Amino acid sequence: MLAFILRRVGSLVFVVWGVGFAAFFISQVVPADPAAAALGNNARPAQVAAYREKRGLDKPPWQQYLLYMRSLATGDLGRSLRTGRPILNDLRDFFPATFELTIAAMLFALALGIPAGILAAVKQDEPLDLGVRTLALVGGATPVYWLAILMLQLFHAKLGWLPGPGRLDAYLLAPPRVTGILTLDALLAGDWEVLGDALRHLLLPALVLGAFSTALVARMVRSAMLEVLSQDFVRTAKAKGLPDTKVVLKHALRNAALPVLTVLGSLLGALLTGAVLTETIFSWPGLGSYATASATALDFPAVMGVTLIAGLAYSVINLLVDVLYVVFDPRIAYA
Amino acid sequence: MRLKQIATLAVALVVALSLAIGSAQSARQTTLVIGGDWTDLLTIDPGVSYEFSGTVIIDNIYERLVKFDGADLSKVVPGLAESWEIAERDGGGTSITFHLKDAKFSTGRTVKSSDVVFSFERAIQIGGPSSFLFTDVAGMEIGSTVALDDKTVRLDLPASINPSIVLNLLTFNIGGVMDQAEVEPNFQDGDYGQAWLNDHSAGSGPYMLERWDRSAQVVLVANPEYATPGSITRVILRYMQEANAQRTALESGEIDIAYDYTPEAFQAAESNANLKTYKTDTFQMTYLGLNSGPGAPFEDNRVRDAVRYAVDQQAIIDSLLLGLGRRMQTIIPAGLMGADSTIYYERDVEKAKSLLAEAGATGLTVEFLIPTGACGGGIPCADLAAKVQADLAEAGITANIKQTVASELYTIYRAQQAQIVLAAWSPDYPDPDGNATPLSNYDASSIAWRNVWNNPEAGRLATEGATTIDPAVRAEIYGQLTRLVATEGPYDMLYQPYKPIVTSAKVEGFVRSAGGDVELDRISKLP
């Protein structure tokens with residue numbers, strides 16, 4: 001097991017390097033000048049030249065790449081062309097917001113998707129199953145930006161039940177930053193008012209972001225459960241006189257968890273990197289909006305930073321999923 | 001997880017949520033919340049900042065020697081300097097001597113002339129995006145700013161520089177004065193304190209920086225040392241990229257001022273009694289750049305004239321901008337000295353056709369370069385371009401739209417490679433020279449150069465206008481120049497947009513100047 005994990009960590013380095021390499025060379029073939037982007041419309045040619053020289057943009061690509069890799073080896077991701085700050089600082093600022101949103105969306109997907117999937121499987125082909133399947137289809141096919149605007153209009157503008165965009169009411173003071181995850185920081189500071197407000201702000205974007213995942217989870221759970229429920233050991237359990245809920249939740253669900261786990265890993269990765277639209281509409285100061293702003297400003301060091309982080313997150317999550325396999329199913333062994 | 005645990009968690013969640021409802025009611029009347037798309041905000045350092053968002057914040061934190069009074073940009077009024085005089089220097093050039101008022105930084109220290117010297121020289125040393133205002137436009141260098149005593153500071157200018165232009169540009173962010181004793185110890189790795197100044201402030205203005213949560217909010221609080229504080233003690237600039245989000249937030253009372261409204265939403269707001277609408281001025285001009293170089297499609301001025309006759313300005317303003325813009329056809333916009341509101345070209349498709357025929361350019365096909373996103377006045381560039389394309393087609397010009405991100409567009413435009421480009425221009429400082437030189441002097445390597453339009457007469461007039469001090473003579477020179485460029489230049493000016501801003505009806509005293517200044521301490525909120 002340990003050897004397996006070590007080997008996976010080793011290949012992880014290669015995956016991340018490959019992602020970074022690709023991102024760097026894509027950035028080189030884009031037919032636009034980062035200096036032009038940074039200095040704007042009115043800049044004088046001399047200013048542009050000075051900017052390029054100062055940032056090393058006048059050097060040939062391979063030389064820029066070597067310089068980049070050299071500083072990367074010391075853990076230095078470089079400085080953002082746009083914000084002028086070390087990229088590590090920028091990522092530290094923006095990653096927690098995205099992480100918080102993603103986890104919340106994931107929790108939604110699990111809390112709604114699993115029960116819905118189980119119910120649909122148990123009541124196969126009954127109206128309830130049909131309802132879940134229809135909802136799952138609609139949820140999976142609804143564009144995020146449309147759903148986001150609709151939800152905001154309904155729950156915020158029309159009904160006034162939930163707050164609008166942002167992470168916190170403007171009149172509330174954010175707690176001291178410890179993790180950058182607002183709900184956690186509020187909890188640590190014991191600030192219940194902020195915690196409640198932050199949770200209320202989290203509700204809509206998480207629901208919107210999680211809609212697709214909820215649908216997917218529900219469908220995965222349903223089909224996995226259907227397969228398990230028709231197996232002999234379930235019939236045996238029922239024959240022993242165990243109550244239905246116990247059979248379903250204990251015997252069947254555990255066995256149905258494995259395929260669900262597989263899809264969860266890649267879902268979480270996709271959510272982490274795919275929150276761009278949700279973040280823009282909900283003014284959520286996360287990695288998605290940072291990546292978009294960086295990309296349109298041709299801020300390549302920042303784009304590289306985001307790419308590396310995303311690649312790393314994706315690889316780590318998949319590694320965790322593989323490890324969890326063993327926990328759920330002792331029959332699986334890694335040589 | 002067991003069902004029971006899940007149920008417990010759910011109950012806890014509901015309790016936490018309901019606790020927050022009805023909270024956060026305190027301090028609303030002295031807090032002002034402004035929603036806007038502040039993504040262009042890169043720095044809160046006055047020596048470096050060059051963005052509109054920066055101006056809103058920095059001008060309320062850092063006082064400049066001189067400023068404009070509200071939206072009136074016709075003359076400078078005292079800021080940190082209570083008076084100043086301009087004198088000829090022996091051996092050529094001029095000097096401006098400023099006498100400082102009694103003022104204190106938010107740090108508690110008194111503002112001294114050495115702080116002015118420090119702030120100006122620091123900006124020159126950093127060489128940020130706005131530093132050319134000091135070095136190129138004002139001809140300043142290290143040593144140009146001299147502290148005569150604690151309260152008197154002299155600025156020496158070379159003979160080629162017009163001191164009234166310098167006074168105008170000192171109103172901008174880069175003229176902001178900071179506390180040397182506070183900033184200097186925070187220099188890191190030769191950054192002149194840039195990093196520190198993004199999370200702290202050291203100015204003498206009505207507000208000071210409390211925190212800047214990147215992409216979330218900027219919070220300003222009243223400077224306790226400021227002599228004449230306003231009623232707003234706390235200002236929060238919230239990042240809201242979506243105009244729709246700003247609209248719902250303003251209507252629900254979550255924010256007090258919305259900075260980005262679409263023309264449609266603005267029209268709706270005009271009839272809403274709970275809101276106030278402002279068509280604030282800008283110096284921005286949205287224009288078509290026409291490549292006039294040898295062998296380029298618009299080398300012949302008759303072809304450029306054909307474009308000017310073909311495009312329907314009024315229809316753009318009426319149907320796309322819904323009135324949020326005004327017609328203009330010259331290079332100096334309304335609000336600046338030398339502005340020329342003459343309409344030289346009314347739409348005339350037949351005239352455009354015959355001009356094209358005369359020039360032998362019938363069936364002309366060109367590439368039309370346009371940026372992504374919104375153009376002046378908040379309308380999608382793609383919509384504006386489609387309208388221009390349709391107008392040109394009526395006259396017989398086929399314009400094939402090529403849409404790219406702004407940075408790529410600039411790269412092409414800067415290399416003189418655009419044929420027709422949809423672009424915008426704002427002067428770097430509120431003076432006619434901020435437009436005249438870049439838009440008409442080929443040798444300035446700016447916009448006239450990008451469109452390969454080399455007209456020595458225009459260049460001469462621009463230089464003369466820049467160096468003439470007598471306002472009446474200057475106005476006369478700019479009159480000649482604007483006429484020349486309007487009828488022969490490489491542009492088809494489309495419109496001068498307004499910046500639509502909507503506030504709650506409770507907000508009083510909101511004024512935004514065309515340069516982007518908003519004096520936050522003059523704003524108050526009704527209960």
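This is a short walk through a two-chain structure, and please keep in mind that it is a predicted model.

Okay, chain A to begin with. It's helical: 14 helices and zero strands, so to speak a plain run of α after α when you read along the sequence. If you take the box along the principal axes, the C-alpha atoms of chain A fill roughly 85 × 55 × 40 Å. Of the 335 residues in chain A, 41% come out as buried. And for contacts in chain A with a separation of 6 or more, 71% are between residues 24 or more positions apart.

Let me zoom in on one helix pair, α13(A) and α14(A), the latter being residues 300-328. Their axes come within 8 Å and cross at roughly 145°, and the crossing is left-handed. Who makes that contact? From α13(A) you've got L287(A), Y290(A), A291(A), S294(A) and A295(A), and from α14(A) there's A302(A), V303(A) and V306(A). By class, that contact has seven nonpolar residues, one polar and no charged.

Now, how do the chains meet? On the A side, 48 residues are in contact with 45 residues of chain B. Several helices of chain A give two or more residues to that side, among them α5 (87-122), α7 (144-158) and α9 (192-229). Our friend α13 (287-296) is also one of those elements. Which element gives the most? That's α9(A), with seven residues. By class, the side of chain A that touches chain B has 25 nonpolar, 14 polar and nine charged residues.

Over to chain B, where I want to show you a sheet. Four strands form an open sheet in the order β4-β5-β7-β6, with antiparallel pairing. Why do β4 (81-88) and β6 (145-149) of chain B each have a side without a neighbour in the sheet? Each stands at an edge with a single partner strand, so one side is left free of a neighbour there. The twist averages 20° from one strand to the next.

Looking at β4(B) and its partner β5(B), residues 94-100, seven bridges join the two. If you want a spot to click on, W84(B) stands opposite F98(B) in β5(B).

Two helices go with this sheet. Helix α5 of chain B, residues 163-170, packs on it and touches β4, β5 and β7 of chain B; its direction makes about 40° with that of β5(B). Then there's α3 of chain B, residues 113-126, lying across β5, β6 and β7. That one runs at about 175° to β6(B).

Note on methods: Residues are numbered from 1 along each chain as its sequence is written. Chains are lettered from A and ligands numbered from 1 in the order in which they are written. This is a predicted model: local features need pLDDT of at least 70, side-chain atom pairs count only at pLDDT 80 or more; totals for chains, interfaces and linings use all residues. Two residues are in contact if their C-beta atoms, placed from the backbone, lie within 7 Å. Ala, Val, Leu, Ile, Met, Phe, Trp, Tyr, Cys and Pro count as nonpolar, Asp, Glu, Lys and Arg as charged, and the others, Gly among them, as polar. Axes are lines fitted to C-alpha atoms, for helices over the stretch in contact, and angles run from 0 to 180 degrees between N-to-C directions. A crossing is left-handed if the near helix is turned anticlockwise from the far one by less than a right angle, and right-handed if clockwise. A residue is buried if 20 or more other C-beta atoms lie within 10 Å of its own, exposed if 12 or fewer, and partly exposed in between; C-beta atoms are placed from the backbone. Two strands pair if DSSP finds at least two bridges between them.
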